[in-house]
Amino acid sequence: MRDEPRGLFQRADEFAQIFRRGAEFARELVQENERLRRQLIDLERRDTEAENQQLATRYVEVEQENNNLANLYVASYQLHSTLDLSEVLKIIVEIVINLIGAERFAVYMLDERTRLLEAVAAEGLETQALPRFALGEGSVGRAAETRETLCEATEASDDPERPIVCIPLSVQDRTIGAITIYRLLTQKESFTPLDHELFTLLAGHAATAIFAARLHSQSERKLHTIQGFIDLLTK
């Protein structure tokens, strides 16, 4: 009988040790769960911050795109609001500076008689010093003839015959001229997809505006010639 209580105490002590180990294990599980929960919250917070940063960045990009498109709309309206060729060229120069971010560039028009591209406006360059280009010859002549925009690099070029960008100006299948860009503004590091959209839109609007202004100028000259001839006959 004396051994029976000792056995009971021994078993009770074993149960107590098992219970303590179970309690310690449970406490460790709770601590591990708490650690994992904090880690999960931290990761979710980081993901949220990253998403917010991405949304903020995209918002700025969309806002910039909308501003550029709005500016292009205004510029297009200005282009088509006048039939004065000098005014049209002045507006084109402002668009290339403000929307594309070019610092040095030239606007060429095709001489219908000689079939040569001649500089009619420029920024950062002397118009009279710029070379003339025959259609199909050199990078500028080929771009104008094929009506495909040339965009080689963003580094500045000091060679007037090798622009970093050449935007052909055409109306349907008729070549009107070209815009050649040689240097970008300092804050303009590279071209974006929006820039290439601007190249296309600018090419169409600028070409149409120049074409209309030239037709108006020619019709005005013919009208003055006819009026002068009539005045001579009626005197």
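## Overall layout

The protein chain has four helices and six strands. Please keep in mind as you look around that this is a predicted model. Following the sequence, you will meet these elements in the pattern α-α-β-β-β-α-β-β-β-α.

Some totals help to set the scene. The protein chain counts 235 residues, of which 30% are buried. Its exposed surface comes to about 15,700 Å², with carbon and sulfur atoms supplying 53% of that area. If we take the contacts between residues at least 6 apart in sequence, 53% of them join residues at least 24 apart.

## The sheet

Now to the strands. They make an open sheet of six, ordered β3-β2-β1-β6-β5-β4, and the pairing is antiparallel. At the edges sit β3 (133-134) and β4 (150-151), each of which pairs on one side only.

Helix α2, spanning residues 85-100, packs on this sheet. Its contacts there are with β1, β2 (116-123), β5 (165-171) and β6, and its direction makes about 145° with that of β1.

## Strand β6 and its neighbours

Strand β6 deserves a visit of its own. Nine of its eleven residues are buried, so β6 is largely enclosed by the rest of the structure.

On one side, β6 (residues 174-184) pairs with β1 (residues 102-111) in the antiparallel sense, over seven bridges. Along this pairing, F105 stands opposite I181 of β6, and R104 has R183 in β6 as its bridge partner.

β6 also pairs with β5, again antiparallel and over seven bridges. Here S170 finds its bridge partner in T175 of β6. The two strands β5 and β6 form a hairpin with two residues between them. If you zoom in on that turn, you will find Q172 with a positive phi of about 55°.

## Helix α3

Which strands does helix α3 lie across? Covering residues 138-146, α3 lies across β2, β3, β4, β5 and β6, and it runs at about 35° to β5.

Several residues of α3 are buried: S139, V140, G141, A143 and A144. The cover over the buried residues of this helix includes β2, β3, β4, β5 and β6. Just after α3 comes R147, where phi is positive, near 60°.

## Putting it together

To retrace the route, start from the open sheet with its six strands, where β6 pairs with β1 and with β5. Then add the two helices described here: α2 packs on the sheet, and α3 lies across β2, β3, β4, β5 and β6.

Technical notes:
Residues numbered from 1 in each chain as written. Predicted model: local features only at pLDDT ≥ 70, side-chain atom pairs only at ≥ 80, totals over all residues. Heavy atoms only, no water. Pairing = 2+ DSSP bridges. Contact = heavy atoms within 4.5 Å. Axes fitted to C-alpha atoms, helices over the stretch in contact; angles between N-to-C directions. Buried < 20%, exposed > 50% of the residue type's maximum accessible area, 1.4 Å probe, protein only. Areas by Shrake-Rupley, 256 points an atom, 1.4 Å probe, with all protein chains shown as cover.
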